[in-house]
Amino acid sequence: DPVFSLRLHFMQLAVSGDDRFSTRPGIDKRKLQFESQIQELGFYGQFQLLSLFLERAPRLSPYLEFGVSAFHFNPKANYFGSAVSLQALGTEGQGMPNYDPKYSLYSYALNFGFGLRYFISSSYSLSLDMLARQTGTDYLDDASKNYVSYQELLENNGPIAAALGNKINAATGTQRANPADKDWYQSLTIGFSYHFGKKYHYFNPSLQKHQIRCPHF
């Protein structure tokens with residue numbers, strides 16, 4: 001529709017982080033690092049803002065978008081040159097007696113964003129799209145709760161879990177991350193679209209030459 005449209009997408013994204021580059025006090029001391037590939041299936045609606053008020057909106061038109069998505073992720077960290085899957089290690093004691101089970105590598109997100117669309121014709125357009133996601137997981141970077149002591153991780157989950165889960169030899173129960181704050185990620189995309197349904201009637205401004213004549217008496 002000229003005002004409202006639905007969109008279904010599949011995206012392959014990569015996210016990463018390294019405490020060495022953090023500007024927050026104390027975060028750099030954790031020495032945590034991760035990278036993850038995300039496979040996302042999203043469904044949401046887009047609202048052409050100017051089409052709500054104008055019969056013929058400009059070719060360059062802003063829009064808002066809201067929706068949901070489901071995604072798979074798998075945080076990994078560098079261990080002596082090899083990428084090691086962190087979820088399988090249980091770096092916060094997952095899988096150990098009296099600790100949480102290992103977290104799921106599947107989650108959902110609430111999506112919202114905005115963009116600019118330029119209509120090449122009534123059926124084809126180019127777009128610049130900024131989309132933010134508030135996820136339902138706090139383990140996108142494998143860090144959510146408290147430290148488990150190096151020795152406890154070593155005895156239960158092995159030397160790699162201890163080496164990557166507690167690099168600063170913190171005591172069990174020391175805060176490692178904030179479980180009340182779920183993870184976010186964003187994307188900026190350039191798109192080419194074909195529009196089904198009603199034709200988009202846009203206003204195409206043009207310069208016209210007017211002939212100026214002297215008045216007649």
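Reader: Before I look at Arg20 and Asp18, what is a salt bridge here?
Author: A salt bridge is a side-chain nitrogen of Lys or Arg within 4 Å of a carboxyl oxygen of Asp or Glu. Arg20 and Asp18 form one, with their closest N and O atoms 3.0 Å apart. Keep in mind that this is a predicted model.

Reader: Is Arg20 buried or exposed?
Author: Arg20 is exposed, at 63% relative accessibility.

Reader: How many salt bridges are there by that rule?
Author: The count is six. Among them is the pair Asp19 and Arg30, whose side chains meet at 3.0 Å, N to O. Asp19 and Arg30 both sit in the loop between strand 1 and strand 2, eleven residues apart.

Reader: And are Asp19 and Arg30 buried or exposed?
Author: Both are buried. For Arg30, the relative accessibility is 15%, and the cut-off for buried is under 20%, so Arg30 counts as buried.

Reader: What else does Arg30 touch?
Author: Setting aside neighbours within four places in sequence, Arg30 contacts Asp19, Ala143, Tyr147, Lys167, Ile168, Arg176 and Ala177.

Reader: Arg176 is on that list. Which residue does Arg176 pair with in a salt bridge?
Author: Glu92. Their side chains come to 2.9 Å, N to O. This pair links distant parts of the chain, 84 residues apart. Arg176 is in the loop between helix 2 and strand 9, while Glu92 is in the loop between strand 6 (82-85) and strand 7. Arg176 and Glu92 are each buried.

Reader: Back to the loop with Arg30. What is the phi of Lys31?
Author: Near 65 degrees. That is a positive value, and Lys31 is not a glycine. Lys31 also belongs to the loop between strand 1 and strand 2. With a relative accessible area of 51%, Lys31 is exposed.

Reader: Which residue has a phi near 70 degrees?
Author: Asp142, again a residue other than glycine with a positive phi. Asp142 lies in the loop between strand 8 and helix 1 (150-156). Unlike Lys31, which is exposed, Asp142 is buried, with a relative accessible area of 2%.

Reader: Now Asp183. Where is that one?
Author: In the loop between helix 2 (159-165) and strand 9 (184-194). Asp183 is buried and has no salt bridge.

Reader: How far away is the nearest side chain of opposite charge to Asp183?
Author: It is 8.5 Å away, and it belongs to Lys182.

Reader: Then which backbone nitrogen lies 3.4 Å from a polar atom of the Asp183 side chain?
Author: The backbone nitrogen of Tyr139. Tyr139 is also among the contacts of Asp183 outside its sequence neighbourhood of four places. The others are Arg133, Gln134, Thr135, Thr137, Asp138, Leu140 and Asp141.

Reader: Leu140 looks busy. What does Leu140 touch?
Author: Beyond neighbours within four places, Leu140 contacts Val15, Phe34, Ser36, Ile38, Phe71, Phe73, Pro75, Asp183, Trp184 and Tyr185.

Reader: What about the largest nonpolar core? Which residues have the most contacts inside it?
Author: Ile38, Phe71, Phe73, Leu140 and Tyr185, in a core of 19 residues. Strand 1 (4-18), strand 2 (33-48) and helix 2 each give two or more residues to this core. Strand 1 has the largest share, three residues.

Reader: Let's zoom out. How many helices and strands does the chain have?
Author: Two helices and ten strands. From the N terminus, the order is β-β-β-β-β-β-β-β-α-α-β-β.

Reader: Why is the chain described as more spread out than a compact globule?
Author: Because its radius of gyration is 25 Å, well over the 17 Å that the globule rule gives for 217 residues. The C-alpha atoms fill a box of roughly 105 × 35 × 30 Å along the principal axes.

Reader: What percentage of the residues is buried?
Author: Buried residues are 39% of the 217. As for contacts with a separation of 6 or more, 74% are between residues 24 or more positions apart.

Reader: Last one. Where is Ser121?
Author: In the loop between strand 7 (106-119) and strand 8 (124-135). Ser121 counts as partly exposed, at 25% relative accessibility. Ser121 and Tyr194 are 73 residues apart in sequence, with their C-alpha atoms 9.7 Å apart in space.

Conventions:
Residues are numbered from 1 along each chain as its sequence is written. This is a predicted model: local features need pLDDT of at least 70, side-chain atom pairs count only at pLDDT 80 or more; totals for chains, interfaces and linings use all residues. Side-chain values use heavy atoms; hydrogens and water are left out. Helices (H or I, at least four residues) and strands (E, at least two) are DSSP runs, numbered from the N terminus. Buried means under 20% relative accessible area, exposed over 50%, partly exposed in between (1.4 Å probe, protein chains only). Lys and Arg count as positive and Asp and Glu as negative; His and the chain ends are not counted. A polar contact is a pair of N or O atoms within 3.5 Å; within protein, one must be able to donate a hydrogen and the other to accept it, and residues adjacent in sequence count only if both atoms are side-chain atoms. Contact means heavy atoms within 4.5 Å. A nonpolar core is a set of buried Ala, Val, Leu, Ile, Met, Phe, Trp, Tyr and Cys residues joined through side-chain atoms within 4.5 Å. The radius of gyration is taken over C-alpha atoms; the globule rule is 2.2 Å times the number of residues to the power 0.38.
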